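Reader: I have a sequence and a model open on my screen, and I would like to walk through them with you. Could you take my questions one at a time?

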Amino acid sequence: MEKLTPGLENSWKSALDKEFDKPYFYSLKSFLVEEKAKYRVFPPGSLIFNAFNLTPFAKVKVVILGQDPYHGYGQAHGLCFSVPDGISKPPSLLNICKELASDLGISTPRNGNLEKWAGQGVLLLNATLTVRENQAGSHQNKGWEIFTDAAISALSAGREPVIFVLWGNYAMAKKSLIDASRHHILTAAHPSPLSASRGFMGCRHFSQINNLLRQMNVQEIDWKL
């Protein structure tokens with residue numbers, strides 16, 4: 001069978017090359033072809049690997065882990081928690097902006113596009129990279145998690161040090177993939193309105209990240225949008 005090589009940035013393609021030969025990846029590809037024949041799938045095909053393409057492997061300073069892409073029309077563009085310009089901020093992103101304001105005094109931006117963070121080395125990675133329109137979680141357990149776990153493991157093994165930001169129980173379950181002796185791990189409740197008051201609000205992760213980067217003599221993140 002012909003090897004599947006998605007439109008992935010070259011350094012990530014090298015880091016994840018073995019994944020494209022594995023049976024799960026062929027099954028995932030087949031599943032997506034079938035889904036797209038019947039349903040609208042988000043994000044658009046050209047943006048599925050947007051997180052990787054905007055933040056090359058060698059430039060990753062920070063990883064923020066999400067779970068699923070947004071499933072509403074026009075919301076998902078391949079970066080966790082982010083929406084394109086002109087799209088209203090979903091509730092979790094609104095809480096992220098509130099925490100930014102509380103932590104760093106950054107006024108709430110008009111847009112919720114986090115591409116500026118991605119360009120500075122913040123990998124905004126969802127565990128599942130696609131979703132069926134209006135059906136949250138519809139593409140879970142189809143193979144994407146194996147692929148994104150491989151990306152986390154590649155960063156843990158091949159880069160040093162990286163700051164991993166795990167919000168919520170789902171993201172925290174990825175701790176086992178990360179070598180805590182080499183990397184920094186920040187955890188808090190998920191920014192969703194259902195849980196943000198239980199430890200996300202007030203976590204001050206944005207200032208903590210910049211403090212850690214300073215200690216590593218690495219350029220801080222400009223969190224203003």
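Author: Here are your questions and my answers, and please keep in mind that this is a predicted model.

Reader: Let's begin with the largest pocket. How much space lies in it, and which residues are closest to its centre?

Author: About 490 Å³ of space lies in the largest pocket. Its lining is made of 28 residues. The ones closest to the centre of the pocket are D68, P69, Y70, S92 and H190.

Reader: How many residues of each class are in the lining of the largest pocket?

Author: Sorting the lining by class gives three groups, with Gly counted among the polar residues. The lining of the largest pocket has 12 nonpolar, 15 polar and 1 charged residues.

Reader: Now the helices. Is α4 parallel or oblique to α8?

Author: Helix α4 covers residues 91-104 and helix α8 covers residues 205-215, and their axes come within 8 Å of each other. The two axes cross at roughly 60°. Roughly parallel would need an angle under 35 degrees, and roughly perpendicular starts at 65. The crossing angle therefore makes α4 oblique to α8.

Reader: Which residues make that contact between α4 and α8, and how do they divide by class?

Author: From α4, the contact uses I96, E99, L100, D103 and L104. From α8, the contributors are H205, F206 and S207. By class, the contact of α4 with α8 has 4 nonpolar, 2 polar and 2 charged residues.

Reader: I'd like to look at I96 itself. Is I96 buried or exposed, and which residues does it touch?

Author: I96 sits in helix α4. Buried means under 20% relative accessible area, and I96 has 1% relative accessibility, so I96 counts as buried. Leaving out residues up to four places away in sequence, I96 touches F81, W117, W167, P191, F200 and F206.

Reader: What about S207: is it buried or exposed, and which residues does it touch?

Author: S207 belongs to helix α8. Its relative accessibility is 13%, so S207 counts as buried. Beyond residues up to four places away in sequence, S207 touches D103 and L104.

Reader: Which elements do the buried residues of α8 pack against?

Author: The buried residues of α8 are H205, F206, S207, I209, N210, L212 and L213. Their packing partners include both strands and helices. The elements are β2 (62-66), α4, α5 (115-118), β5 (163-167) and β6 (184-188).

Reader: Next, α2 and α6. At what angle do their axes cross, and how do the contact residues divide by class?

Author: Helix α2 runs over residues 23-38, and its axis comes within 9 Å of that of α6, with a crossing of roughly 130°. Roughly antiparallel would need over 145, so α2 is oblique to α6. The contact is formed by Y24, F25, L28 and L32 of α2 with W144, I146 and F147 of α6. These residues divide into 7 nonpolar, no polar and no charged.

Reader: Where are the cis peptide bonds that join F42 to P43 and E160 to P161, and what is omega for each?

Author: P43 lies in the loop between β1 (41-42) and α3 (50-54), while P161 is in the loop between α6 and β5. Omega is about -10° for the bond joining F42 and P43. For the bond joining E160 and P161, omega is about -20°.

Reader: F81 is not a glycine, so what is its phi, and is F81 buried or exposed?

Author: F81 is found in the loop between β2 and α4. Its phi is positive, about 70°. With a relative accessible area of 9%, F81 is buried.

Reader: And N217: what is its phi, and is N217 buried or exposed?

Author: N217 lies in the segment after α8. Its phi is near 60°, a positive value in a residue other than glycine. Exposed means over 50%, and at 73% relative accessibility N217 counts as exposed.

Reader: One last residue, G137. How far apart in space are G137 and Q67, and which residues does G137 touch?

Author: G137 lies in the loop between β4 (131-132) and α6 (144-158), and at 23% relative accessibility G137 counts as partly exposed. G137 and Q67 are 70 residues apart in sequence, and their C-alpha atoms are 8.5 Å apart in space. Not counting residues up to four places away in sequence, G137 touches D68 and V131.

Conventions
Residues are numbered from 1 along each chain as its sequence is written. This is a predicted model: local features need pLDDT of at least 70, side-chain atom pairs count only at pLDDT 80 or more; totals for chains, interfaces and linings use all residues. Side-chain values use heavy atoms; hydrogens and water are left out. On a 1 Å grid over the protein atoms alone, a cavity is a set of points where a 1.4 Å probe fits but cannot get out, and a pocket is an open set with protein on both sides within 12 Å along at least five of seven lines; lining residues have an atom within 4 Å of a point. Grid points are joined across faces, edges and corners, and a volume is the space filled by probe spheres set on the points. Axes are lines fitted to C-alpha atoms, for helices over the stretch in contact, and angles run from 0 to 180 degrees between N-to-C directions. Helices (H or I, at least four residues) and strands (E, at least two) are DSSP runs, numbered from the N terminus. Angles under 35 degrees count as roughly parallel, over 145 as roughly antiparallel, 65 to 115 as roughly perpendicular and the rest as oblique. Contact means heavy atoms within 4.5 Å. Buried means under 20% relative accessible area, exposed over 50%, partly exposed in between (1.4 Å probe, protein chains only).
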